[in-house]
Amino acid sequence: MLFRDAQAKTIHLKDYHAPDYLIDKTVLRIQLKDDETLVTAALSMRRAQPDRKGGSNELTLDGQELELRKVSIDNTELDPANYGVTADSLIISSVPDVFELETVVATKPQNNTSLEGLYKSSKMYCTQCEAEGFRKITYYLDRPDVMAEFITTIEADKKRYPILLSNGNPVAQGELENGRHWATWHDPFKKPAYLFAMVAGDLACIEDSFTTMSGRDIDLRIYVEDKDVDKCDHAMASLKSAMTWDEEVYGREYDLELFMVVAVDDFNMGAMENKGLNIFNTSCVFAKPETTTDAGFQRVEAVVAHEYFHNWSGNRVTCRDWFQLSLKEGFTVFRDAEFSADMGSPTVKRVEDVNLLRTMQFAEDGGPTAHPVQPASFMEISNFYTLTIYEKGSEIVRMIHALLGAEQFRAGSDLYFERHDGQAVTIEDFVAAMSEVSGREFGQFQNWYRQAGTPRLAITGDYNAADKIYRLDIKQTCPATPECEKKAPFLIPLRMGLLGSEGDLPLFLEGKANGETELVLEITEGEQTIIFEQVYEQPVPSFLRGFSAPVKLDFAYSRDDLVQLMSRDSDGFNRWEACNQLALGVLQELVSAYLAGTELSLDKRLIEAYRGLLTDPTTDKAMVALMLNLPTEAYLSEVAEVIEVEAIHQARQFARRTLGQVLEDEFMAVYQANDAQLKDQPYVASGEQIAMRSLKNTALAYLTQGGSAMALEFASEQFQCADNMTDSSAALAALVNSLAANEGGMAEAALQDFYQRWQDEPLVVNLWFQLQAWCLLPGGLDRVLALLEHEAFDISNPNKVRAVIAAFGMGNAINFHTADGAGYTFLTDQIITLNKLNPQIASRLVTPLTKWRKYPPQRAELMKAQLERLLGEPALSKDVYEIVNKSLA
Ligand code: TRP
Ligand code: ZN
């Protein structure tokens, strides 16, 4: 038979067709042995449309890196003349309408560094099948619209692998000779192969239980290595909160009797929602005050919830094809964001999410890898686990929620889950359910799914004092993106109010508002005019409250307007936003001054605004801490036309230093007050304490940047005495970034101390790596090169790669973008190494280089040259090729 090579080809949504064959039942036997693993797959298959006349009887199964040992149909071994194997498939020339297919393949998981399919992480075997990893385990119809019941038997050495797990419920187990044993699992819910999982290892188990709303008892288990059993309480508590929340808010109950989580060290992403057997990156499970920061605690809670929520939004109702990825990811991110908001402060959570969206997703949307939330094509699906699919996808669901209101949205989700339970469906099916329960038309709204790019609203306001009329002229545009030049207008829900001298003004808008103080305008046209009546004073408009749509908004606020909004807007998010805009304007002005070579001076209004925040005891501490965070260099870069790395860095450092100096007393007072208060209570990762620590450590960073000698003492004492990782790592970061602490040897001593203390905790060592990779002092590349040589660094572990290489490339612009291009060459070297080991991780590392067009010509050329170097690399993975190719197009 014909042999073909796997090649990089583009797959299009418009070419989707339903599968020709289905698999009703998948019976696997996985024999784990040191030299090789044997996988026997017995598939009960049938033709999808048996009455269809014509067509061929050829069957093509997906499979990669497999050694085929045997293939039989209905117990008759096939003659090699009747099948063929290519680099990515097994083709059988003729099959009956209904048949049993059995294959035996051999694989070598011990050599699998891609962390996709079956692989080893430290001493255990584990799997990662989303999106297309199952084809590296056995020949299969590896597509989400082929759903089967799975029965899985795992066989391994009993001593080294006492725990054998797979999806569903355990049904049998037994002993074999030579010290081997086996266990069989049955998953009664039909599922696509990407939700398959198995684990074998020597694992300890933390157990708990949950009683569902209908009174069923669910056994909850978290499996980890023995040394880590003391780090699982928070994950377990988070799981139970998530289960309760999903019952209360969505009426969704867990379905199996058993829910398992396994933590592994080597993992490409955060975690995976395999049915009944979630596999997690240790970084998203472990949490203990001494070793985990507050941010770490919050991430564990969010990711545990996210994966749990997938049991309905993803597993019970799954995706028809990978173009629908956001169907499960956007919806599930929205669900976990609402959960986190309910567990803590909704405004804080919203600010954090919007910051991520506006910094990272907007940058993606404005660059060469921009794609719609429902992409029209892709080469390598692993490249599409993006901020656009996840975060923008979630924003779209949030807009639907806002347009429908909580009650109708719940009715829509009920209908969606009920109607499509057990099915593989599309984004359109989700929207149709929402449309049906509300009677609302979603035609134009769906442009959000089909068009890439961040829409921009340009608004001008005009107050006519004589007629008491306030007129808004609103223009929406959306820049061209690779897949589409001219955009149709979006439906943009613009939540807004008008601020007067005494607070929110009543709004009078024909047919829309009759005295309410807030409304949601639906912007649908390229140009629209809105006229408010009975406006008795010149208002300050408050637009996009709660960030009601993922857009950029231009309105010519004066700085005084922003100061007003910052202290008096009734919307908490917009109070933060006003502060953010104020600081952004001030920083942009400093950037221009730096470029013009004029002296830098900081606008007093920002200083006074910050002073107000620091001295006003009524403002929520978490909000104060957020508002005191100046817009990041990454955000300044995103909003810039051309990214002037030096100017941005120097402007922001100047502002930090100046604020630290001018407000030294205020920062000092805030530091001491919160520090004293915290010392009286044992650590908990509660919202209140997290806010205090965040405020205190923000103050500490300003003070050390300002050069206060006393602050260095505070940092050093906090570093030595802290009983929790938040304070300890914040103090260490303050020392590491302080010139004085470096010159005095204090920073180096603290770093050594820290490593000595935590060298046996890989996740803490990662914090230690990251904080050094992020050090903004000169000499960054040399520091990073030294870290790569460190005994604890391991390029085959994605967490380590993220902590050192990605942290440097994406979080340390001033050191990465040196004028000689050394940072670019370094990153490219690493990508080339990783391209062979782990293409998914290699491909993600290309991100900073993809933005080359936004840099001044000299740097742009240097970045581009490295992309071209990558393109010339032999054996470039599909993953890296796709991103590089798009970046140069
Ligand atoms: N579905 C996973 C999530 O919840 C994403 C994921 C986990 C993933 N591991 C992966 C995607 C590996 C691609 C490759 O978000
Ligand atoms: Zn997910």
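**Entry 1: the zinc site**

I began with the zinc ion (ligand 2), which is coordinated by His306 through NE2, by His310 through NE2, and by Glu329, listed twice through OE, at 1.9 to 2.7 Å. I note here that I am reading a predicted model, and that none of these values comes from an experiment on it.

I then looked up how these donors are placed along the chain, and found that they follow the spacing H-x3-H-x18-E. The pair of His306 and Glu329 links distant parts of the chain, since His306 lies in helix α2 (residues 294-309) and Glu329 lies in helix α3 (residues 325-343), 23 residues apart. I also checked whether these two are buried or exposed, and both His306 and Glu329 turn out to be buried.

Why is the arrangement around the zinc ion (ligand 2) irregular? The six donor atoms subtend angles of 47 to 158°, and this makes the arrangement irregular. For six donors to count as octahedral, opposite ones must be over 155 degrees apart and all others between 65 and 115, so the angle of 47° at this zinc ion does not fit.

**Entry 2: the whole chain**

I next stepped back to the chain as a whole, which holds 28 helices and 34 strands. Its C-alpha trace spans about 90 × 65 × 60 Å along the principal axes. A compact globule of 889 residues would have a radius of gyration near 29 Å, and the 28 Å of this chain agrees with that.

Buried residues make up 59% of the 889 residues, while the chain exposes about 34,600 Å², of which carbon and sulfur atoms supply 49%. When I looked at contacts between residues at least 6 apart in sequence, I found that 70% of them join residues at least 24 apart.

**Entry 3: helix α11**

I picked helix α11 (residues 621-628) because seven of its eight residues are buried, so that the helix is largely enclosed by the rest of the structure. The buried ones are Ala622, Met623, Val624, Ala625, Leu626, Met627 and Leu628. I looked for what covers them, and the cover includes α4 (346-365), α8 (559-568), α9 (572-596), α10 (604-615), α14 (664-679) and α15 (687-706).

**Entry 4: helix α20**

Last I turned to helix α20 (residues 762-773), whose twelve residues reach 16 Å from the first C-alpha to the last, close to the 16 Å expected at 1.5 Å a residue. Several of its residues are buried, among them Val764, Trp768, Phe769 and Leu771. The buried residues of α20 pack against α17 (725-736), α19 (746-758), α21 (780-789) and α22 (798-811).

Note on methods. Residues numbered from 1 in each chain as written. Chains lettered and ligands numbered in written order. Predicted model: local features only at pLDDT ≥ 70, side-chain atom pairs only at ≥ 80, totals over all residues. Heavy atoms only, no water. Donors = N, O, S within 2.8 Å, 3.2 Å for Na, K, Ca; no water. Tetrahedral: all angles 85-135°; square planar, octahedral: opposite > 155°, others 65-115°. Helix = DSSP H or I, 4+ residues; strand = E, 2+ residues; numbered from the N terminus. Buried < 20%, exposed > 50% of the residue type's maximum accessible area, 1.4 Å probe, protein only. Expected span 1.5 Å × (residues − 1). Contact = heavy atoms within 4.5 Å. Rg over C-alpha atoms; globule rule 2.2 N^0.38 Å. Areas by Shrake-Rupley, 256 points an atom, 1.4 Å probe, with all protein chains shown as cover.
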